Amino acid sequence: MKRIARFEKVSYRQFEEAFLDTFGREKEAECQAAYEQVQIPERATAGSAGYDFVTPVPIVLGPGEEMKVPTGIRAAMETGWVLQIYPRSGLGFRYRFQLNNTVGIVDSDYYDSDNEGHIFIKVINDTREGKTLRLDAGSGFAQGIFLEFGITEEDQADQVRNGGFGSTGA
């Protein structure tokens with residue numbers, strides 16, 4: 001296996017900005033405790049492909065409800081690699097727990113963005129059985145897998161990223 005990446009916590013300043021944007025100023029007192037819950041993603045076993053992301057805040061999602069989770073994590077990786085984010089399999093099976101964008105894509109150049117490459121994971125409880133999903137802070141909810149990718153022979157991309165969603169003009 002190739003060792004091509006490392007996870008890091010974002011700064012408290014960046015986490016606080018994202019946390020307050022997501023949960024509002026009325027939750028400001030909870031921000032420090034949430035930052036302390038941020039854990040570097042790890043694989044559970046030697047054979048695991050996915051690195052488990054844990055939620056720094058409790059998640060309670062009724063049927064059809066969604067939440068943007070600021071993970072407090074960023075990923076430095078070699079060029080030519082991508083981090084793909086998926087829901088934890090068991091949560092998907094039991095609750096139809098999904099990512100709103102189906103698969104999260106974290107490019108290698110996202111690490112250097114103004115937001116420190118802070119990874120957000122927007123999730124939804126898409127249950128059709130009326131189940132409410134409850135996860136404590138520190139619970140695994142998503143997994144990230146590093147994959148190598150190729151480009152076309154004609155590729156001339158030279159734009160520099162600065163940001164996440166829509167930062168490359170799409």
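Helices (H or I, at least four residues) and strands (E, at least two) are taken as DSSP runs and numbered from the N terminus. On this basis the protein contains three helices and 11 strands. Their order along the sequence is β-α-α-β-β-β-β-β-α-β-β-β-β-β. The model is predicted, and local features need pLDDT of at least 70, side-chain atom pairs count only at pLDDT 80 or more, while totals for chains, interfaces and linings use all residues. Residues are numbered from 1 along each chain as its sequence is written, and side-chain values use heavy atoms, with hydrogens and water left out.

The C-alpha trace spans about 50 × 35 × 35 Å along the principal axes of the protein. The radius of gyration, taken over C-alpha atoms, is 16 Å, which agrees with the value near 15 Å for a compact globule of 170 residues; the globule rule is 2.2 Å times the number of residues to the power 0.38. Contact means heavy atoms within 4.5 Å. Of the contacts between residues at least 6 apart in sequence, 76% join residues at least 24 apart.

Residues are classed by relative accessible area as buried (under 20%), exposed (over 50%) or partly exposed (in between), with a 1.4 Å probe and protein chains only. Buried residues account for 43% of the 170 residues. In soluble globular proteins, nonpolar side chains tend to be buried together. A nonpolar core is defined here as a set of buried Ala, Val, Leu, Ile, Met, Phe, Trp, Tyr and Cys residues joined through side-chain atoms within 4.5 Å. The largest such core has 37 residues, and Phe53, Leu83, Ile121, Val123 and Phe141 have the most contacts inside it. Helix H1 (residues 12-23) supplies the largest share of this core, four residues.

Two positions outside the helices and strands were examined individually. Glu28 lies in the loop between H1 and helix H2 (31-37). Glu28 counts as partly exposed because its relative accessible area is 38%. Leaving aside residues up to four places away in sequence, Glu28 touches Glu16 and Leu20. From Glu28 to Phe149 the C-alpha to C-alpha distance is 40 Å, with the two positions 121 residues apart in sequence numbering.

Val160 belongs to the segment after strand E11 (140-148). Its relative accessibility is 69%, so Val160 is classed as exposed. The C-alpha atoms of Val160 and Asp107 are 12 Å apart, and the two residues are 53 residues apart along the chain.
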